[in-house]
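Here are my notes on this one, in the order I'd walk through them at the bench. Have the structure open while you read.

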Amino acid sequence: MLKSMNEALDYIESQLNGEIEDNKLERITGTSVYHFRRMFSFLSGMTLGEYIRNRKLSNATFDLLHEGMSVTDTAFKYGYASVDGFSRAFRDWSGISPSEVKKKNMLKAFPKLSFQLTIRGGINMDYRIENKDPFKIVGVKKRVPIQFEGENPEIIKLAKRITPEQRKQLHSYANMEPNQVVNASYNLDDGCMEEKGSLDHMIGCLTTKESSFDEFDVVEVPSLTWAIFSSKGEFPKAMQETWAKIASEWLPSSDYELVDAPNISFSGDLSDRNNVYSEIWFAVKKKGKI
């Protein structure tokens, strides 16, 4: 996997002033572009788009300083539609305008990235793989900011919005595991792995029933394979640590890649918040499988 990821970076490097083709990345990595982008973010801590932008601007600095290229020629070389757009991006990244590069002694560089093997893990992860027929997630949703640690106050506000009558109605819809209220996250912004942007968060239940579902929001989920991870410990710390281990340890070393589908989680009895059982569901497929 590291070999293919680094080959993909080599390809991107060769196309910084050309077109980076998704199908070429898929051939190199043997995975979907969706999974490659998610894995890149998990491993590097930045989005693929940000990495490419920074590499282009770093190379543009060299061209402006050492190659004597004009600002206009440099902007078009790296795919910017206008000089103004290039100048704004360059200033945001470096703190100076492109025309000031030759006047400054302190310049900014962003070296090419490479992935190397480090030894992690050593801790058992409890999970199972299950195939599930199509189902629906029915509940109430809200666009919330992405937050990796602690309880998200916007999700707490969303939960408080649900009336006792609505909770009773949602429980009446639930007819499949875990037969209780779940949390689902989907439509993540591109900067999600840097804790930037927002996502759609739904609190609801899983059901195969056919209904109008009254005033509730509905997300249709097709037949998929799910990797289901369980944890037990301090809430929400134990669950969030499990998320981190899935991203940094399990996904890079497994035979599976992510599928574009809602991430589902739920927690059990919260009366003892130091000993809470939780599950996290990721939709996955075998690497290289269409």
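1. Start with two helices. This is a predicted model, and in it the axes of α2 (residues 22-29) and α3 (residues 33-44) come within 9 Å and cross at roughly 75 degrees. Angles of 65 to 115 degrees count as roughly perpendicular, so that is how α2 and α3 sit relative to each other.

2. Who does the touching? On the α2 side the contact is made by Asp 22, Leu 25, Glu 26 and Thr 29, and on the α3 side by Val 33, Phe 36 and Arg 37. Sorted by class, that α2–α3 contact has three nonpolar, three charged and one polar residue.

3. Now zoom out a bit. UniProt, in an unreviewed entry, puts a "domain: HTH araC/xylS-type" feature at residues 6-104. Over that stretch the chain is 68% helix and 0% strand, and the C-alpha atoms at its ends are 33 Å apart.

4. The whole protein is split into domain 1 (1-104) and domain 2 (127-286). Their C-alpha centres lie 34 Å apart.

5. How many residues of each domain meet the other? The contact takes in 15 residues of domain 1 and 15 of domain 2. About 1,300 Å² is buried between domain 1 and domain 2, with carbon and sulfur atoms giving 61% of that area.

6. If you want residues to click on in domain 1, try Tyr 34, Arg 38 and Phe 42: these lose the most area to domain 2. Together they account for 40% of what the domain 1 side buries.

Key:
Residues numbered from 1 in each chain as written. Predicted model: local features only at pLDDT ≥ 70, side-chain atom pairs only at ≥ 80, totals over all residues. Heavy atoms only, no water. UniProt positions renumbered as here; feature names shortened; annotations may be inferred. Helix = DSSP H or I, 4+ residues; strand = E, 2+ residues; numbered from the N terminus. Axes fitted to C-alpha atoms, helices over the stretch in contact; angles between N-to-C directions. Parallel < 35°, antiparallel > 145°, perpendicular 65-115°, else oblique. Contact = heavy atoms within 4.5 Å. Nonpolar A, V, L, I, M, F, W, Y, C, P; charged D, E, K, R; others polar. Domains from an automatic or database assignment. Buried area = accessible area lost by both parts, 1.4 Å probe.
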